[in-house]
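Here is a short tour for anyone meeting this structure for the first time. Have a look at the sequence and the fold, then read on.

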Amino acid sequence: MTITITAFERSPDGGKGLARDTRVRWALEETGQPYDVRLVSFQAMKEPAHLRVHPFGQIPTFEDGDLALFETGSIVFHLAEQHAGLLPADANARARAITWMFAAVNTIEPPILELSIAKFQEGDKPWAKDRLPLVQDRIRERLRRLSARLGESEWLDGAFSAGDLMMVSVLLRVRPSGLLDEFPTLAAYVARGEARPAYQRAFAAQLAINAA
Ligand code: GTB
């Protein structure tokens, strides 16, 4: 049975790898799993066939036989549990790697999403220019502490793990704002993630769709 994921038929970023199917593709590549992609339009995402798999009408989804998943954190965790390469064998190290996955989606990603909302959905509101610097500072505070924790280390906790995969994916989302470059330690960490062959393959695959 081949794994099938969904992705944007046409990503709003034109293939810069910012849509969340990229992190799932990356996990599939790191664990050596072949996969198919079903491309969906914005309209199809809100139709019953897609809503049966993704209750919120979004991408990506993951289907493998009779298992259907949504939420990238859950999909990456499932892959990491099923296949070698993304979680350490030692129980404590594994628990710490999983903790970093949660930190990525639950502590670092929320203010980054707030910035997108503040810019693109609320940018025309009269209070937008007062709100923007507040959101930017909340991101800086998180990045400052993450950068301090990473320090001189290559990855967040020993060898590269699903925690790094999720954290790098989340940080990529803030790079266009310029905030990531204020933290050279984190910018270099993201570059190390991007340099991984599995990431390169994942990026190229989503770009090929959007460049076509
Ligand atoms: N928490 C869910 C997860 O992690 O899986 C969030 C899924 C999600 O936000 N999906 C987005 C979606 O389907 C695509 S990735 N949106 C359509 C909708 O809600 O109707 C978010 C995204 C979209 C576009 C860019 N971009 O163009 O730069 C970046 C990220």
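## The E3-E4 hairpin

Let's start with strand E3 (residues 61-64) and strand E4 (residues 67-70), which run antiparallel and are joined by 4 bridges. Keep in mind as you look around that this is a predicted model. If you want one pair to find by eye, pick Glu 63, whose bridge partner in E4 is Ala 68.

The two strands form a hairpin with 2 residues between them, and Gly 65 takes a positive phi near 60° there.

## E1 and its neighbours

Glu 63 is also handy for finding strand E1, since Thr 4 stands opposite this E3 residue. E1 and E3 pair over 2 bridges, in the antiparallel sense.

Strand E1 (residues 3-8) also pairs with strand E2 (residues 35-40); here the strands run parallel, and 6 bridges join them. Two pairs help you line them up: Ile 5 has Val 37 of E2 as its bridge partner, and Phe 8 has Val 40 of E2. And how does the chain get from E1 to E2? It crosses through helix H1 (residues 21-30), and this β-α-β crossover is right-handed.

## The sheet as a whole

Now put the pieces together. The 4 strands form an open sheet with mixed pairing, and their order is E2-E1-E3-E4. Which strands stand at the edges? They are E2 and E4; each has a single partner strand, so one side of each is left without a neighbour in the sheet.

The strands don't line up perfectly, either: neighbouring ones are turned by 20° against each other on average, ignoring direction. Helix H4 packs on this sheet, where it touches E1, E3 and E4, and the direction of H4 makes about 135° with that of E4.

## H4 meets H7

Helix H4 has a helical partner too. The axes of H4 (residues 72-82) and helix H7 (residues 162-174) come within 10 Å and cross at roughly 150°. An angle over 145 degrees counts as roughly antiparallel, and that makes H4 roughly antiparallel to H7. The crossing of H4 past H7 is right-handed.

Who does the touching? On the H4 side you'll find Thr 72, Gly 73, Val 76 and Ala 80, and on the H7 side Ala 162, Leu 165 and Met 166. Sorted by class, this contact of H4 with H7 has 5 nonpolar and 2 polar residues, with no charged ones.

## H5 meets H6

One more helix pair is worth a visit. Helix H5 (residues 91-121) and helix H6 (residues 128-150) have their axes 9 Å apart and pack at an angle of about 155°. That makes H5 roughly antiparallel to H6, and H5 passes H6 in a left-handed crossing.

Plenty of side chains are on the guest list here. From H5, the residues that meet H6 include Trp 100, Ile 108, Pro 111, Glu 114 and Lys 119. Among their counterparts in H6 are Arg 131, Val 135, Gln 136, Ile 139 and Arg 149. By class, the contact of H5 with H6 has 11 nonpolar, 2 polar and 5 charged residues.

How values were computed
Residues are numbered from 1 along each chain as its sequence is written. This is a predicted model: local features need pLDDT of at least 70, side-chain atom pairs count only at pLDDT 80 or more; totals for chains, interfaces and linings use all residues. Side-chain values use heavy atoms; hydrogens and water are left out. Axes are lines fitted to C-alpha atoms, for helices over the stretch in contact, and angles run from 0 to 180 degrees between N-to-C directions. Angles under 35 degrees count as roughly parallel, over 145 as roughly antiparallel, 65 to 115 as roughly perpendicular and the rest as oblique. A crossing is left-handed if the near helix is turned anticlockwise from the far one by less than a right angle, and right-handed if clockwise. Contact means heavy atoms within 4.5 Å. Ala, Val, Leu, Ile, Met, Phe, Trp, Tyr, Cys and Pro count as nonpolar, Asp, Glu, Lys and Arg as charged, and the others, Gly among them, as polar. Two strands pair if DSSP finds at least two bridges between them. A crossover is right-handed if, with the strands pointing away from the viewer, the path from the first strand over the helix to the second runs clockwise.
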